[in-house]
Amino acid sequence: MGQSRENKDISDLTYKLETMGCQMNMADSERIEGQLQGLGIRPLDPDVDKNKQPDVVILNTCSIRDHAEQKVYSYIGPHAKRKRDGEDVTIIVAGCVAQQEGEALLRRVPEVDLVMGPQYANRIGDLLEDVSNGNQVVATEASHIMEDSTKPRRQSTVAAWVNVIYGCNERCTFCIVPTTRGVEQSRPAESIVREVTELVEQGFKEITLLGQNIDAYGRDMIPKRKFSDLIRIVGEIPGLDRLRFVTSHPRYMSLGVVDSVAETPAACECFHIPFQSGSNEILAAMGRGHTREKYLHIVDRIRSRIPDAAITADVIVGFPGETEEQFEDTLSLMREVVFDSVNTAAYSPRPNTPAAVWDDQVDDAVKQNRLQRINALNLEHAAQRRARMKGRTVEILVEERNVRVPTQVMGRTRHGYIVYCDGEIDELRGKLVNVEIDTCEQYYLAGKPVAQDGH
Ligand code: SAM
Ligand code: F3S
């Protein structure tokens, strides 16, 4: 920045940040925003900055699904043109596509100033300094993630994400994450506790611990730590109402985690455990290291220990070689479990992943047909699971206004279900409210607030 800012008021620089993809990326974006604001760069406000364009443009990218690269080019295209037309704009591509494409991105769009992989999310300040010295910077080297002193700018004032382990040591044959986010690096429990304590002091009520394979937490540390212990330690922080975590890997998820959730009052009774396929042959080809039976055993354990727990998952259909029969094994696993919701995806070949070059790719039309069938079953189960809430009084943590009905607020139950009820957001944001549920749909519940004791 600052190569030719003669005509600009450098005390009023603005940025615009766009985030694609998962919660990890959202958490990284919050860190990036915190650092930009620490440098005195403020978010572009469409109401105030009418007809203005941002001085710094950041796209935090995701490469998990198809067309990710094309989306990047079409997003930065107009800003690259601004630059070619003589405007002083700093263009940053962050996240997994940045990691995957590296210098190729600069060759394709020479107007880009900074390409930075996810491991650099907490170092954007240093990198921008390099950029302001006139360099084009590519930060994609595997790096040791420094313990974070940066303060994220949280999107919500109620619920926050906290990374506990970065990277992933697995090698699922469909997945690009290990090449973009590097090897596992656990954060010391003390720093996690410090961050959560500060968040609670600032008024946050709910924390979600993040890791690609969160059960691996602590295995890279000396002495080793266990994720099940971390749940208990964080769950005891005074003032924390709700604790969640994602993602559990069925190969590593210990039954001790289920016990910790059952015995830690703040820990919400919901589990996100991707199963990816219900066929053992496909699971082996995916390199998942777990079987259908192991998965069902975990579900049994959850249901016997915490009968009302919500279970959600991810699944891929149309993985190379998947036959109709193997796909039906996936449907039958879903019928056995009846998930609260499942993120469904048609297999998409990702660069530099083993399965992308196998010659038994499934036809696109077959993939789409399977996706439609699995989505229909998913919706049926989502509705079935939510139906049991009718007539119950549930506690919700109020997060936002209902954008469709402004006299209503939106909150989530401990299970993670979205609930709408009448209420004034300025009064209720961040509060726990009891709601008697009278409406159960596939994706949300609705009801009436119940007067609390003494009110
Ligand atoms: N760590 C998680 C786990 O253990 O399963 C998954 C991380 S990945 C970011 C999130 C989800 O994206 C996966 O669970 C998978 O269902 C989906 N996904 C990953 N690679 C994919 C691909 N090549 N095609 C379709 N879906 C994919
Ligand atoms: Fe990807 Fe498998 Fe790790 S899905 S994030 S390689 S556990």
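**Group meeting: the two annotated domains and ligand 2**

The end C-alpha atoms of residues 154-385 lie 31 Å apart, and this span is 40% helix and 16% strand; helices (H or I, at least four residues) and strands (E, at least two) are DSSP runs, numbered from the N terminus. This is a predicted model, in which local features need pLDDT of at least 70, side-chain atom pairs count only at pLDDT 80 or more, and totals for chains, interfaces and linings use all residues. Residues are numbered from 1 along each chain as its sequence is written, chains are lettered from A and ligands numbered from 1 in the order in which they are written, and side-chain values use heavy atoms, with hydrogens and water left out.

UniProt, in an unreviewed entry, lists residues 154-385 as "domain: Radical SAM core". Such annotations may be inferred rather than shown by experiment.

Let me turn to ligand 2. The residues around ligand 2 include Cys 168, Cys 172, Cys 175, His 249 and Arg 288.

The UniProt annotation "domain: TRAM", also from an unreviewed entry, covers residues 387-451. That span is 8% helix and 52% strand, with its end C-alpha atoms 23 Å apart.

Within it, consider strand β16, residues 408-412. Of its 5 residues, 4 are buried, meaning under 20% relative accessible area with a 1.4 Å probe and protein chains only. β16 pairs with strand β15 (residues 393-401) in the antiparallel sense over 4 bridges; pairing requires at least two DSSP bridges between the strands. Arg 401 stands opposite Val 409, and 6 residues separate the two strands of this hairpin.

On to β17, residues 418-422: 5 bridges join this strand to β16, again antiparallel. Gly 411 has Val 419 as its bridge partner. The β16-β17 hairpin has 5 residues between its strands, and Gly 416 in the turn has a positive phi of about 100°.

Definitions and conventions. Near = heavy atom within 4 Å. Buried < 20%, exposed > 50% of the residue type's maximum accessible area, 1.4 Å probe, protein only.
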